[in-house]
Amino acid sequence: MIEKALTGGRGYWIWIACTLSAIAAGAYCYVLQLNTGLGITGLSRDITWGFYIAQFTFLVGVAASAVMVVLPYYLHDFKVFGRIAILGEFLAIAAVSMCMLFIMVDLGQPGRAFNMILHPSPRSILFWDMIVLNGYLVLNVLISRASLNAERNGEAPPAWVKPLIILSIPWAISIHTVTAFIYSGLAARPFWMTAILAPRFLASAFSSGPALLILVCLFLRRVTRFDAGWEAIRKLAIIVTYAVLANIFFVLMEFFTAFYSAIPEHVEHFTYLYVGLDGHRELVPWMWLSAALVLVAAVLLVNPRLRDRQGLLTFACVAVVLSIWIEKGLGMIVTGFVPSPLGEVTGYAPTLPEFLITMGIYGIGALLITVFYKVTLSVRGQVKA
Amino acid sequence: MHDRGRIILGLLVFLALITFPIWYNLISGQESRPPEIELPAGETLCVADREFMRTEHMQLLMDWRDEVVRGDRRIYTASDNRTFPMSLSGTSRTEHGGSCMSCHDNKDKFCDRCHDYLAVKPYCWDCHVEPKGGQ
Amino acid sequence: MAIKRRDFCWLAGLSVVGAASGKVLSVGAEETSGSGSTLIGEPLLGKRWAMVVDLQACRKEEGCRDCIKACHATHNVPDLDDPDEEVKWIWKEKFHHAFPDQEHEYLRHDLRHEEILVFCNHCDNPPCTRVCPTQATWKRPDGIVMMDWHRCIGCRYCVAACPYGSRSFNWRDPRPFIDETRTDFPTRTRGVVEKCTFCDERLAQGRPPACVESCESKCLIFGDLEDADSAVREALRTRHAIRRKPGLGTQPEVYYLV
């Protein structure tokens with residue numbers, strides 16, 4: 001079926017060329033990073049995790065969000081999601097692959113990564129993250145391969161796929177919960193050490209993931225003959241709406257606990273994010289942008305008459321994805337390190353090589369998604385001639 | 001067989017490429033010479049005999065590494081009851097004898113000779129300070 | 001050809017994974033057998049190594065950095081000027097940085113203005129060893145929180161987990177930045193995390209940690225808390241000691257005599 005990805009129009013090949021260029025640039029910078037060390041990033045002794053780990057955190061959410069399509073369709077027989085379930089699964093595969101790539105490029109000694117398997121450490125959450133991410137990848141590869149194969153042959157998928165699909169539902173929840181546990185069990189980082197971190201992660205995942213899927217479906221409706229159906233998109237939009245409201249609520253809960261208790265080591269992280277701390281205001285405009293975007297999106301999404309208008313829905317989904325990306329991809333990780341355990345406030349910004357490596361990995365994800373969707377839609381005979 | 005011509009041609013090209021090291025050396029008249037290592041003066045017996053060390057010194061060093069770093073056990077008793085401190089650092093001797101570099105104190109003339117010949121690059125030297133011998 | 005290309009590719013991929021996992025299982029099963037002992041000149045043996053820092057004695061010498069120089073020289077710790085990339089095993093901090101929960105407006109003058117020696121606390125309940133995915137850092141039976149620089153994959157989870165900022169990561173190759181490389185101790189390489197190890201290699205030779213030995217004011221007291229006659233227990237009996245961030249439950253084993 002891969003050969004179906006090797007035929008396409010001009011636009012298709014230009015897009016493939018763009019992803020390959022991004023990957024090439026990223027690969028070159030990664031070789032630089034291997035030779036010089038992680039010092040070529042903007043990371044430092046105080047801010048030891050940054051752009052790479054933040055992208056990993058955001059993408060785990062996207063990967064987990066496939067469950068929002070799979071659960072209604074397979075557990076509750078919600079036939080409307082029938083055509084897009086596999087798109088969600090492929091999105092999950094690409095997202096989880098990018099997650100693991102981001103972790104690999106963040107390692108100081110990636111050649112030794114196998115030590116995690118040779119010397120299992122069940123008390124370490126990273127160990128469990130490795131297990132659940134790889135397990136989720138394997139699950140989704142098996143499920144989507146079997147489903148697509150069956151579709152191509154015009155028959156029902158084999159019986160063993162159903163239990164795997166059922167398994168993938170709690171597994172999807174687990175990948176993001178375990179990822180939250182990486183952060184939320186650290187006494188050293190009061191910004192992360194909150195019970196609401198895992199629920200926050202899930203709420204933001206279920207907002208950004210389905211929103212991304214809506215955007216993908218609308219895009220595919222434009223460039224191919226695939227139509228997910230307005231009913232499916234409407235239902236996805238409702239899921240996004242509730243998830244966005246839950247996410248806003250959780251963030252407000254965080255504000256209350258921090259500011260009402262007035263404990264400095266809780267307050268200062270939010271001060272850093274929204275006002276600035278010790279002269280460092282790098283994230284302030286981004287966080288206000290994120291807040292504005294999610295509030296505007298919430299207003300648009302809550303009203304069914306606005307939500308049902310494709311133009312406004314598109315805008316709301318873009319706003320949600322961007323807002324959550326800022327919240328997780330910029331604000332979540334770095335803020336855990338500011339101030340440092342010794343009370344220092346330092347700044348962080350990704351360097352050019354760091355940015356290019358990140359773009360390279362996103363390029364790999366984009367390439368994967370493109371190939372997957374091209375093959376799927378070709379199998380369904382819905383690619384535009 | 002379909003495409004018989006192309007397949008056979010491809011196989012021949014593959015064979016030619018894979019045997020390149022052999023026929024290239026023959027044609028260009030270069031010979032491969034085994035490495036000449038300079039053994040330390042005055043010592044005749046290493047931690048174990050030559051054959052064992054040749055094939056097993058990598059595993060021995062890895063075992064030593066875990067014994068010292070993870071087990072906090074620092075003396076090795078060889079099969080003939082001689083003792084050695086397990087160390088890949090430093091040339092000094094203790095009352096338990098010297099370690100590898102006490103005798104093999106020149107990396108260029110000993111370790112590198114075989115490693116370069118075999119194109120092996122052990123990364124031990126990234127951290128363990130290499131002995132410079134009589135320089 | 002009866003087999004389809006896709007199935008062939010799957011079989012090939014699965015065979016590779018199968019062959020690799022066979023190798024993995026056999027590698028994992030190799031145990032290193034021990035034929036070593038610990039005796040190099042009567043090592044110092046302890047059940048719970050700890051350090052007492054006498055802040056009053058330490059302040060007698062203004063600007064003294066003897067212990068820092070001794071530690072960093074002994075262990076080939078690189079000297080990087082950039083505070084973003086610096087590697088340090090022991091250094092001095094202001095009181096409100098070392099003890100943020102003891103800070104108040106009316107601190108005694110000397111505590112307000114002088115600096116506190118800080119290094120790894122070798123906690124009894126260390127969060128860093130809990131999070132390490134390869135056990136490249138672990139707590140030894142004698143209490144030392146140890147580092148295995150061969151195994152560290154440089155994920156920096158331990159750096160994130162340490163509430164005291166005791167750990168440094170090698171952001172680049174440290175060798176060009178080492179003032180004088182000593183041959184009897186390895187350097188580290190880029191991509192691994194390092195910190196104070198209570199001089200385990202010196203303890204094995206019956207010598208106290210380098211910082212303790214180098215201090216002329218004798219303000220660093222090292223000993224075994226489980227030994228009621230040890231110098232550390234004696235020090236703790238006579239004066240009040242505080243520890244860094246005690247509320248976090250890490251049980252740090254570095255005590256500061258104020």
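Which residue is the bridge partner of C:I242 in β11(C)? Hold that thought, everyone, and a quick word on the ground rules before the answer. This is a predicted model, where local features need pLDDT of at least 70 and side-chain atom pairs count only at pLDDT 80 or more, while totals for chains, interfaces and linings use all residues. Residues are numbered from 1 along each chain as its sequence is written, and chains are lettered from A and ligands numbered from 1 in the order in which they are written.

So, the answer: C:I242 has C:Y256 as its bridge partner. Strands here are DSSP runs of E with at least two residues, and helices are runs of H or I with at least four, numbered from the N terminus. Two strands pair if DSSP finds at least two bridges between them. β10(C) and β11 (residues 254–257) of chain C do so in the antiparallel sense, over 2 bridges.

Stepping back, those strands belong to an open, mixed sheet of 4 strands in chain C, ordered β9-β2-β11-β10. At its edges sit β9 (220–224) and β10 (241–242) of chain C, each pairing on one side only. Helix α10 (residues 231–238) of chain C packs on the sheet, touching β2 (49–54), β9, β10 and β11 of that chain. Contact means C-beta atoms, placed from the backbone, within 7 Å.

Now to the chains. Of the 2 pairs that touch, A and C make the most contacts, with 33 residues from chain A and 43 residues from chain C. On the chain A side, α5(A) supplies the largest share, 4 residues.

Chain B also meets chain C: 26 residues of chain B contact 23 residues of chain C. There, α3(B) gives the largest share of the chain B side, 5 residues. What about A and B? Chain A and chain B do not touch, and their nearest C-alpha atoms are 12 Å apart.

Last stop, the interior. A nonpolar core is a set of buried Ala, Val, Leu, Ile, Met, Phe, Trp, Tyr and Cys residues joined through C-beta atoms within 7 Å, and buried means 20 or more other C-beta atoms within 10 Å of a residue's own. The largest core has 183 residues, and A:A63, A:C99 and A:V320 touch the most other members. Helix α4 (residues 85–106) of chain A gives the most to this core, 16 residues. Beyond its neighbours within four places in sequence, A:C99 is in contact with A:F56, A:L59, A:V60, A:A63 and A:L133. Apart from that core lies another, of 7 residues, including B:V47 and B:I75. Thanks, everyone!

How values were computed:
Axes are lines fitted to C-alpha atoms, for helices over the stretch in contact, and angles run from 0 to 180 degrees between N-to-C directions. A residue is buried if 20 or more other C-beta atoms lie within 10 Å of its own, exposed if 12 or fewer, and partly exposed in between; C-beta atoms are placed from the backbone.
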